[in-house]
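Trainee: Could we go through this structure together, bit by bit? I would like to learn how to read it.

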Amino acid sequence: PPQPGHTHPPHRFETQQPKLGACVTDPGLSRGLSASEILALNTYDFMAHLGKSVINPGGLKGRDQVLAALNPRHGARILEIGCGTGHAACYIARRYHGEVTAVDVSPAMVKVAAGQVHAENLQDQVQCELADVTRLPFPDESFDYVISQAVLMFVDKQRALVEIQRVLRPGGRFAGLEFSWKREPPETVRQTTYQICGCRPLEFHSARGWGRML
């Protein structure tokens, strides 16, 4: 744990455990980790370290619901933001035969995703990159479709949505999956939930609130 009065800034846009001063940004998921390294992992890296490949809300059903809403045409250029372990990017490439760019802010996740792409021999269709949704390193109107799962609730939502709109071609489509309150909770319930989730920053809304923001 950090010394009293001494904190370290977290890795840029990485989520962190509330009681820790910094995240492990490249934990080396292929090797064994010490107890301190495991405690410093953010939630998604921790689940990937346990061997869980589908870590988005709703699992495979959630992924399929988002893709049904997106309804990408075959051969399209698709950007997946927050690719995690790469399972969705590979599935999209196989099913829709498109060109998929899969990005994540976590170097560890990009490494895992690239390994998954290689294992499925999809290097010609899927490219994995380190990128931040609030500053996407792509030209305007680069993609036909953008998909994200459990991303917006961790970032500056307005900046992220402006960037998503910027990289979409005219007539392009965005679909995302996020946690949502069934009804607005008291502030104490809200903050306790965020603390239990173990990630900062974290904020999500009701379905109506998400709709207004979009």
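Mentor: Gladly, and let us begin with A150, which lies in the loop between β4 and α6. Please keep in mind that this is a predicted model.

Trainee: Okay, is A150 buried or exposed?

Mentor: A150 has a relative accessible area of 8%, and because buried means under 20%, A150 counts as buried. Its backbone is also worth a look, since A150 has a positive phi of about 55 degrees although it is not a glycine.

Trainee: Which residue in the loop between α5 and β3 could I look at next?

Mentor: You could look at N121, which lies in that loop between α5 and β3. The phi of N121 is positive, near 55 degrees, and N121 is a residue other than glycine. As for its surroundings, N121 is exposed, with a relative accessible area of 61%.

Trainee: And what is the phi of H97, just after α4?

Mentor: H97 takes a positive phi of about 55 degrees there, just after the end of α4.

Trainee: Since we are at α4, how many of its 10 residues are buried?

Mentor: Eight of the 10 residues of α4, which spans residues 87–96, are buried, so this helix is mostly covered. The buried ones are H87, A88, A89, C90, Y91, I92, A93 and Y96.

Trainee: Let me change topic. Which elements make a β-α-β unit with β4?

Mentor: The partners are helix α6, covering residues 157–167, and strand β5, and together with β4 they form a right-handed β-α-β unit. The two strands of the unit, β4 and β5 (residues 168–177), pair in the parallel sense over six bridges. As one example of this pairing, F143 has L168 in β5 as its bridge partner.

Trainee: What comes just before β4, say at S142, and where is that residue?

Mentor: S142 sits in the loop that runs between β3 (126–130) and β4 (143–149). With a relative accessible area of 6%, S142 is buried. A polar atom of the S142 side chain lies 2.5 Å from the backbone oxygen of P139.

Trainee: Which residues is S142 in contact with, leaving aside its neighbours within four places in sequence?

Mentor: On that basis, S142 is in contact with R77, V167 and R169.

Trainee: Now the inside. Which residues touch the most other members of the largest nonpolar core?

Mentor: That core has 25 residues, and L79, I81 and I164 are the ones that touch the most other members. The elements that give two or more residues to this core are β1 (77–81), β4 and α6, and α6 gives the most, with four residues. Speaking generally, nonpolar side chains in soluble globular proteins tend to be buried together.

Trainee: What is I164 in contact with, apart from its neighbours within four places in sequence?

Mentor: Once those neighbours are set aside, I164 is in contact with I81, V133, L136, V146, L152 and F174. There is also a second, separate core of 22 residues, which includes I78, I92, A102 and I147.

Trainee: I92 came up in α4 too, as a buried residue. Where does V112 lie, though?

Mentor: V112 lies in helix α5, which covers residues 107–119, and it is partly exposed, with a relative accessible area of 28%. V112 and G86 are 26 residues apart along the chain, and their C-alpha atoms are separated by 7.2 Å.

Trainee: One more residue: what does the side chain of S206 make a polar contact with?

Mentor: The side chain of S206 makes that contact with the side chain of E184, at 3.5 Å. S206 belongs to strand β7 (residues 205–206), and it counts as buried at 11% relative accessibility. Not counting residues up to four places away in sequence, S206 touches S180, W181 and E184.

Trainee: To finish, how many helices and strands are in the protein chain?

Mentor: The protein chain has eight helices and seven strands, and buried residues make up 47% of its 214 residues. Among contacts with a separation of 6 or more, 68% come from residues 24 or more positions apart. The chain exposes about 11,300 Å², of which carbon and sulfur atoms supply 54%.

Terms used:
Residues are numbered from 1 along each chain as its sequence is written. This is a predicted model: local features need pLDDT of at least 70, side-chain atom pairs count only at pLDDT 80 or more; totals for chains, interfaces and linings use all residues. Side-chain values use heavy atoms; hydrogens and water are left out. Buried means under 20% relative accessible area, exposed over 50%, partly exposed in between (1.4 Å probe, protein chains only). A polar contact is a pair of N or O atoms within 3.5 Å; within protein, one must be able to donate a hydrogen and the other to accept it, and residues adjacent in sequence count only if both atoms are side-chain atoms. Contact means heavy atoms within 4.5 Å. Two strands pair if DSSP finds at least two bridges between them. A crossover is right-handed if, with the strands pointing away from the viewer, the path from the first strand over the helix to the second runs clockwise. A nonpolar core is a set of buried Ala, Val, Leu, Ile, Met, Phe, Trp, Tyr and Cys residues joined through side-chain atoms within 4.5 Å. Accessible areas come from the Shrake-Rupley method with a 1.4 Å probe; for residues, only the protein chains shown count as cover.
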